[in-house]
Amino acid sequence: MNKVTFPNEAKCKDTSYATMLYSRLVKRLLRNGTTTALYFATIHLEASKILAEICSTIGQRAYVGKLNADQLSPDYYIETTSSSLADTEKFIQYCRNEFPSNTNRTSIIHPVITPRFIPTCSLPLLQGLGKLATKYDCYVQSHAAETVDQLTLVRQQYPELERDVAIFSSVGLLRPNKTVFAHCVHLHDEEISILADQKIGIAACPLSNILYSRGVVPVQRYMQKGLRVGLGTDFGGGPSAGMLSAVRGAILADRTVEFATIERGEDIRHWPDNKECNWDVDFVYGYYLATVGFLCIWN
């Protein structure tokens, strides 16, 4: 992140660069067949507005998040808690005013509250974002249970709550039909049940999960327990902008679920020991996850 992600995201402070980058990005995604996208933008208010405007102009349905990060980020790419909250509220108001729904058409642009992930957001920031989510009835997105290193860091930061899901819940960011978490490779069974009960969706990103999380999302296990699962490309951390690559990755990931043991709480064994599910993730089901499954994580 220090070598690639942060330096490149920081460039979006320059609105000319952001316009060029986001114009190419949206057009490329549409060429690859992605007509609805969930975006993590950057911490910059103006650049996030630019992304929303480009999506609206070109005609892509977009859920756009102005990123939040007030700690554990480089000095050249960090916010204060107050500025992060103020700019997030301004972005929400901008989207609601510029891209309103009406009697003839539902808006195709939606603001999303977007704490990058627990380690880069202070507790006051997370609490403030929770209040904004309630005030504006907003969508929420973040990363959760992504890597072992991230889990260890979160446990050190929050020794009482320990886990992403518990922390997000404590600040009001688990919003039924409104919250999506990326990755979620290392969820405990209890957390799966909580997310399923709260109607929270997860975006499984097979290729980046294998590359960076060194694990896979057990789609069958999660869906058997009622958790909503869709596919993501994680374009910023993955090798391809195309959802078909994610479909292929989901099929491969499904075949590797039993390769490694991941702690799931009381039952540390990975799914399935005695395979209760009589289906595999094939191209047909992978296509479902990339299309209807993605839309169903919020509905």
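Which residue forms a salt bridge with Lys-135? In this predicted model, the partner of Lys-135 is Glu-89, and the closest N and O atoms of the two are 2.8 Å apart.

## Salt bridge between helices H4 and H5

Lys-135 belongs to helix H5, whereas Glu-89 belongs to helix H4 (residues 81-98), so their salt bridge ties together parts that are 46 residues apart in sequence. Lys-135 has a relative accessibility of 56% and therefore counts as exposed, the cut-off for that class being over 50%. The count of salt bridges in the structure comes to 8, and two others are described below.

## Further salt bridges and a network

Arg-175 forms a salt bridge with Asp-137, with 2.6 Å between the closest N and O atoms. This pair also links distant parts of the chain: Arg-175 is in the loop between H7 and strand E5 (179-183), and Asp-137 is in the loop between H5 and E4, 38 residues apart. Arg-175 is buried, with a relative accessible area of 12%, while Asp-137 is partly exposed at 42% relative accessibility. Asp-137 and Arg-175 are joined with Lys-178 into one network by salt bridges that share partners.

Glu-191 forms a salt bridge with Arg-163, and here the closest N and O atoms are 2.8 Å apart. Glu-191 lies in helix H8 (residues 189-197) and Arg-163 in the loop between H6 and H7, so that distant parts of the chain, 28 residues apart, are linked. Both partners are buried: Glu-191 has a relative accessible area of 7%, and Arg-163 has a relative accessibility of 10%.

## Positive surface patch

Arg-24, Lys-27, Arg-28 and Arg-31 form a positive surface patch. Of these residues, Lys-27 is located in helix H2 (residues 15-31). The relative accessibility of Lys-27 is 47%, and the residue therefore counts as partly exposed.

Leu-25 is also in helix H2. In contrast to Lys-27, which is partly exposed, Leu-25 counts as buried, with 17% relative accessibility. Leu-25 and Leu-51 are separated by 26 residues in sequence, and their C-alpha atoms are 9.5 Å apart in space.

## Cysteines

The structure holds 0 disulfides. Cys-205 is in no disulfide, and the nearest cysteine sulfur, that of Cys-184, is 9.4 Å away. Because a disulfide requires two cysteine sulfur atoms within 2.5 Å, Cys-205 and Cys-184 do not form one.

Cys-205 counts as buried at 5% relative accessibility. Cys-12 is buried as well, with a relative accessible area of 2%.

## Loop residues

Phe-117 occupies the loop between strand E3 (109-115) and helix H5 (123-136). Phe-117 is buried, with a relative accessible area of 14%. Although Phe-117 and Ala-182 are 65 residues apart in sequence, the distance between their C-alpha atoms is 9.8 Å.

Positive phi values occur at two further loop positions, Ala-145 and Glu-162. Ala-145, in the loop between strand E4 (139-144) and helix H6 (148-157), has a phi near 45°, a positive value in a residue other than glycine. Ala-145 is buried, with a relative accessible area of 3%. Glu-162, in the loop between H6 and helix H7 (164-170), has a phi near 70°. With a relative accessible area of 35%, Glu-162 is partly exposed.

How values were computed. Residues are numbered from 1 along each chain as its sequence is written. This is a predicted model: local features need pLDDT of at least 70, side-chain atom pairs count only at pLDDT 80 or more; totals for chains, interfaces and linings use all residues. Side-chain values use heavy atoms; hydrogens and water are left out. Patches are made of residues with over 30% relative accessible area and no salt bridge: like charges are joined within 9 Å, nonpolar side chains (Val, Leu, Ile, Met, Phe, Trp, Tyr) within 5 Å. Accessible areas come from the Shrake-Rupley method with a 1.4 Å probe; for residues, only the protein chains shown count as cover. A salt bridge is a side-chain nitrogen of Lys or Arg within 4 Å of a carboxyl oxygen of Asp or Glu. Lys and Arg count as positive and Asp and Glu as negative; His and the chain ends are not counted. The place of a charge is taken as NZ of Lys, CZ of Arg, CG of Asp or CD of Glu. Helices (H or I, at least four residues) and strands (E, at least two) are DSSP runs, numbered from the N terminus. Buried means under 20% relative accessible area, exposed over 50%, partly exposed in between (1.4 Å probe, protein chains only).
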